[in-house]
Amino acid sequence: MKTLSAWLLLFVSLVASSADTPLQSPEDLSRWMTHHYRNPEPDRFVEAVRLMARSGMLDSERTKAPAFGFIAGIVRKHPDRLAAWAKQLADLNDVQMGVVVLGIWYADVPASKKTVSEILAARSGLAENMSLLSEGSPMPITKIPLEQGAWTLDANWGAFLASGDSEPVVRIMSALPWIHVKGDVNKLATASAARWSLTSNAVQHARVFDICESEIAKQPPEVAAELETIVAEARKQRQPKSL
């Protein structure tokens with residue numbers, strides 16, 4: 001099942017980009033995003049979002065969720081820069097800005113609702129498509145119901161790559177008990193994607209491996225049992241140069 005993990009692992013073996021090197025290609029972007037939590041570069045946020053737009057990441061249904069998750073993760077870490085960033089990205093088209101709006105909304109910072117309202121007020125077409133936001137309140141990525149599908153995992157992985165925070169990874173773990181659900185194809189598919197992505201990312205990212213290992217003693221038995229399997233499998237696959 002192709003979730004964010006399949007996307008982010010495409011370039012995981014590449015060397016992290018230098019702050020002096022412009023982000024010019026999809027490969028540059030994927031590399032930068034994959035390594036961002038290890039070496040945060042908020043000064044390159046606008047540059048990165050513009051490359052997301054040029055590369056089609058903000059237009060593809062497959063990559064919108066990790067994109068807005070990543071945006072949310074950075075905005076949540078730097079809420080004081082939100083107003084300036086929103087102005088700098090004002091020339092994006094409605095589809096692209098819609099992904100940015102979701103990132104701002106799910107960053108759940110004090111200015112999220114005000115900023116989203118201002119953006120939508122200036123874009124009638126986008127406002128019509130995102131009318132549900134006007135009626136609700138911002139919430140963090142980790143509060144999106146996982147029952148909505150595997151895309152919610154992608155959003156959480158995006159938030160993790162931006163921040164390195166454990167909360168999105170722990171949230172993904174909460175879908176693991178669904179691996180034993182009978183008759184609910186959506187829950188079973190989401191659980192399978194959660195187990196696969198946790199294993200894959202625990203192999204590639206030492207931070208994810210450590211989170212999974214430390215959570216074994218904290219999680220309910222049905223989650224802990226799955227984590228033990230994930231950690232054991234990741235330990236076998238991990239390479240000496242894992243991130």
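What covers the buried residues of H3? Let's find out by walking through this predicted model one selection at a time.

**Stop 1: helix H3.** Select residues 45-55, which make up H3. Its buried residues are Phe45, Val46, Ala48, Val49, Leu51, Met52 and Ala53, so show their side chains, taking buried as under 20% relative accessible area. Now add the cover over those buried residues, which includes helix H2 (26-35), helix H4 (61-77), helix H5 (82-88) and helix H6 (94-107).

**Stop 2: the end of H3.** Move on to Gly56, just after H3. Here the backbone has a positive phi of about 90 degrees.

**Stop 3: the largest pocket.** Next, select Lys64, Phe68, Gly98, Leu102 and Met130; among the 16 lining residues of the largest pocket, these lie nearest its centre. The volume of this pocket is about 350 Å³. Colour H4, H6 and helix H8 (124-129), since each supplies at least two residues of the lining. H6 gives the most, with six residues. If you colour the lining by class, you will find nine nonpolar, four polar and three charged residues.

**Stop 4: the second largest pocket.** Finally, pick Ala86, Lys87, Thr115, Glu118 and Ile119, which lie nearest the centre of the second largest pocket, out of 14 lining residues. Two elements, H5 and helix H7 (112-121), give two or more residues to this lining. The second largest pocket has a volume of about 260 Å³, and its lining has nine nonpolar, one polar and four charged residues.

Technical notes
Residues numbered from 1 in each chain as written. Predicted model: local features only at pLDDT ≥ 70, side-chain atom pairs only at ≥ 80, totals over all residues. Heavy atoms only, no water. Buried < 20%, exposed > 50% of the residue type's maximum accessible area, 1.4 Å probe, protein only. Helix = DSSP H or I, 4+ residues; strand = E, 2+ residues; numbered from the N terminus. Contact = heavy atoms within 4.5 Å. 1 Å grid on protein atoms, 1.4 Å probe; cavity = no way out; pocket = protein on both sides within 12 Å on 5 of 7 lines; lining within 4 Å. Points joined across faces, edges and corners; volume = space filled by probe spheres on them. Nonpolar A, V, L, I, M, F, W, Y, C, P; charged D, E, K, R; others polar.
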